[in-house]
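Welcome! Please open the structure in your viewer and keep the selection panel at hand for a short guided tour.

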Protein chains: 2
Amino acid sequence: MEKIVNPEVHDAPACDAALVHAFGLLGKRWNGILLGTLADGAAGFAELGRAVVGISDSVLAERLVELQGAGLISRQVEPGPPVTVAYQLTPSGEALVPVLAQLGAWARANLV
Amino acid sequence: MEKIVNPEVHDAPACDAALVHAFGLLGKRWNGILLGTLADGAAGFAELGRAVVGISDSVLAERLVELQGAGLISRQVEPGPPVTVAYQLTPSGEALVPVLAQLGAWARANLV
């Protein structure tokens, strides 16, 4: 059997590194669902805690910092009174939402 | 700010579990690139080892078993002589290829 080598394969180490980075971030429990929840609009800390059933406040805080560090969400302080804090997707985070939806659909259909 | 709760969010724990499962599998180094390589067609063990620069034979063997266990690739023995073994994507594996391509494109554009 002849195998035709796709030239794109030779770019694969860089592609693989980007994918590994993406999976490292998104593979952490709650990160996908947090992004999915924020896809519906900006939300405060308490709102996110209620929407994401089972997450503790400390883990929620940690994940929000991580997602901010990766540039996927932003934290905006709205001057009060009372001062409120809202989290929302950045354009990079928004761009991920349809891809996550496709990956979730694939996983539900193909992984048990 | 009023937040409209998307009813889909309440299905999210199941979605999240499927995504976490997907990320657990695909987040492992080499799995994405192995699936990408097999997207070009069936390949033998040695061919895969050459296509995926940097992978050791023992890690390659381990990943192939894992991807077979997840139902994403199949291993076919072709009667010889000489007997040859080829790995190829299952329909589940094929279905993942365009999603991985989208995720890779997103990661390259949005993660540094």
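We will begin with a pair of helices and then turn to the two chains.

Keep in mind throughout that this is a predicted model.

**Stop one: a helix pair in chain A**

Start by selecting residues 31-38 of chain A, which form helix α2, and then add residues 91-110 of chain A, which form helix α5. Their axes come within 10 Å and cross at roughly 110°. Angles of 65 to 115 degrees count as roughly perpendicular, so that is how α2(A) and α5(A) lie to each other. The crossing in which α2(A) passes α5(A) is left-handed.

Which residues make the contact? On the α2(A) side, show A:G32, A:L35, A:G36 and A:L38; on the α5(A) side, show A:G93, A:L96, A:V97 and A:L100. Colour this contact by class and you will find 5 nonpolar residues, 3 polar ones and no charged ones.

**Stop two: where the chains meet**

Now bring chain B into view. Here 45 residues of chain B are in contact with 45 residues of chain A. To find the elements of chain B that give two or more residues to this side, select α1 (12-26), α2 (31-38), α3 (45-51) and α5 (91-110). By class, the side of chain B that touches chain A has 27 nonpolar, 12 polar and 6 charged residues.

**Stop three: the axis**

How are the chains related? A rotation of 180°, with 0.0 Å of shift along its axis, superposes chain B on chain A with an RMSD of 0.0 Å. This is therefore the relation of a two-fold axis. Finish by selecting B:F23: in chain B, its C-alpha is the nearest to the axis, 2.8 Å from it. The same surface serves both copies, as 100% of the contact residues of chain B recur in chain A.

Notes. Residues are numbered from 1 along each chain as its sequence is written. Chains are lettered from A and ligands numbered from 1 in the order in which they are written. This is a predicted model: local features need pLDDT of at least 70, side-chain atom pairs count only at pLDDT 80 or more; totals for chains, interfaces and linings use all residues. Axes are lines fitted to C-alpha atoms, for helices over the stretch in contact, and angles run from 0 to 180 degrees between N-to-C directions. Helices (H or I, at least four residues) and strands (E, at least two) are DSSP runs, numbered from the N terminus. Angles under 35 degrees count as roughly parallel, over 145 as roughly antiparallel, 65 to 115 as roughly perpendicular and the rest as oblique. A crossing is left-handed if the near helix is turned anticlockwise from the far one by less than a right angle, and right-handed if clockwise. Two residues are in contact if their C-beta atoms, placed from the backbone, lie within 7 Å. Ala, Val, Leu, Ile, Met, Phe, Trp, Tyr, Cys and Pro count as nonpolar, Asp, Glu, Lys and Arg as charged, and the others, Gly among them, as polar. Copies are superposed by least squares on the C-alpha atoms of residues with pLDDT of at least 70 in both.
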